[in-house]
Amino acid sequence: MRVKRSYKAKNRRKKILNLAKGFRGGRSKLFRTAADAVAKSLSYAYRDRKVKKREFRALWITRINAGVRKEGLSYNQFMYGLKLANVDIDRKMLSNLSISEPDTFKEIVKISQSKLQ
């Protein structure tokens with residue numbers, strides 16, 4: 001007896017083609033090509049969710065370093081001074097402070113400097 005795959009196969013293909021919406025050319029129209037493109041894009045998405053965290057941390061460190069250098073310290077000296085002073089502010093907050101509230105950031109730098117001496 002012949003097996004007709006009807007809705008199950010159709011749903012499987014539709015799911016892949018919906019994920020491939022917005023891709024160019026055959027990658028959004030042809031099932032096989034779309035399946036390859038979707039598999040690759042999902043693996044990139046998984047990988048880049050991890051990379052995003054790294055890139056933001058590097059950005060925050062760069063901003064903090066720029067703000068701290070104006071006060072005559074290096075980034076690692078500043079962070080070490082904060083550790084000695086038992087100040088637990090994460091890098092994201094320090095970065096935001098260095099940009100949006102430079103006066104508050106200067107006070108934090110002074111706290112760090114005082115513990116280094």
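**Charged and polar side chains in a predicted model**

Let me begin with a pair of neighbours in the sequence, Arg-47 and Asp-48, whose side chains meet in a salt bridge, with 2.9 Å from N to O. Before I go further, please keep in mind that what we are looking at is a predicted model, and that every value I quote has been computed from it.

How exposed are the two partners in this salt bridge? Arg-47 is partly exposed, with a relative accessible area of 45%, and Asp-48 is likewise partly exposed, with a relative accessible area of 34%. Both values fall in the range for that class, because the word buried is kept for residues under 20% and the word exposed for those over 50%.

How many salt bridges does the model hold? The count comes to 2 salt bridges, so let me turn to the other pair, which is Glu-107 with Lys-110, where the side chains meet at 4.0 Å, again taken from N to O. These two residues belong to helix α5, which covers residues 102–116, and because they are 3 residues apart in that helix, about one helical turn separates them. As for the acidic partner, Glu-107 is partly exposed, and its relative accessible area is 46%.

From there I would like to move to the positive charges that form a patch on the surface. Which residues make it up? The positive surface patch is formed by Arg-5, Arg-12, Arg-13 and Lys-15, and since residues in a salt bridge are left out of patches by the rule used here, none of these four is a salt-bridge partner. If we take Lys-15 as our example, we find it in helix α1, which runs over residues 6–19, and with a relative accessible area of 54% Lys-15 counts as exposed. For a sense of distance, you might also look from Lys-15 to Lys-40: the two are 25 residues apart in sequence, and they lie 15 Å apart in space, C-alpha to C-alpha.

My last stop is a residue without a charged side chain, namely Ser-74, and you will find it in the loop between α2, residues 31–69, and α3, residues 75–84. Is Ser-74 buried or exposed? Ser-74 is buried, because its relative accessible area is 13%, and that is under the 20% cut-off. Its side chain is joined to the side chain of Asn-76 by a polar contact of 2.6 Å.

Definitions and conventions:
Residues are numbered from 1 along each chain as its sequence is written. This is a predicted model: local features need pLDDT of at least 70, side-chain atom pairs count only at pLDDT 80 or more; totals for chains, interfaces and linings use all residues. Side-chain values use heavy atoms; hydrogens and water are left out. Patches are made of residues with over 30% relative accessible area and no salt bridge: like charges are joined within 9 Å, nonpolar side chains (Val, Leu, Ile, Met, Phe, Trp, Tyr) within 5 Å. Accessible areas come from the Shrake-Rupley method with a 1.4 Å probe; for residues, only the protein chains shown count as cover. Lys and Arg count as positive and Asp and Glu as negative; His and the chain ends are not counted. The place of a charge is taken as NZ of Lys, CZ of Arg, CG of Asp or CD of Glu. Helices (H or I, at least four residues) and strands (E, at least two) are DSSP runs, numbered from the N terminus. Buried means under 20% relative accessible area, exposed over 50%, partly exposed in between (1.4 Å probe, protein chains only). A polar contact is a pair of N or O atoms within 3.5 Å; within protein, one must be able to donate a hydrogen and the other to accept it, and residues adjacent in sequence count only if both atoms are side-chain atoms.
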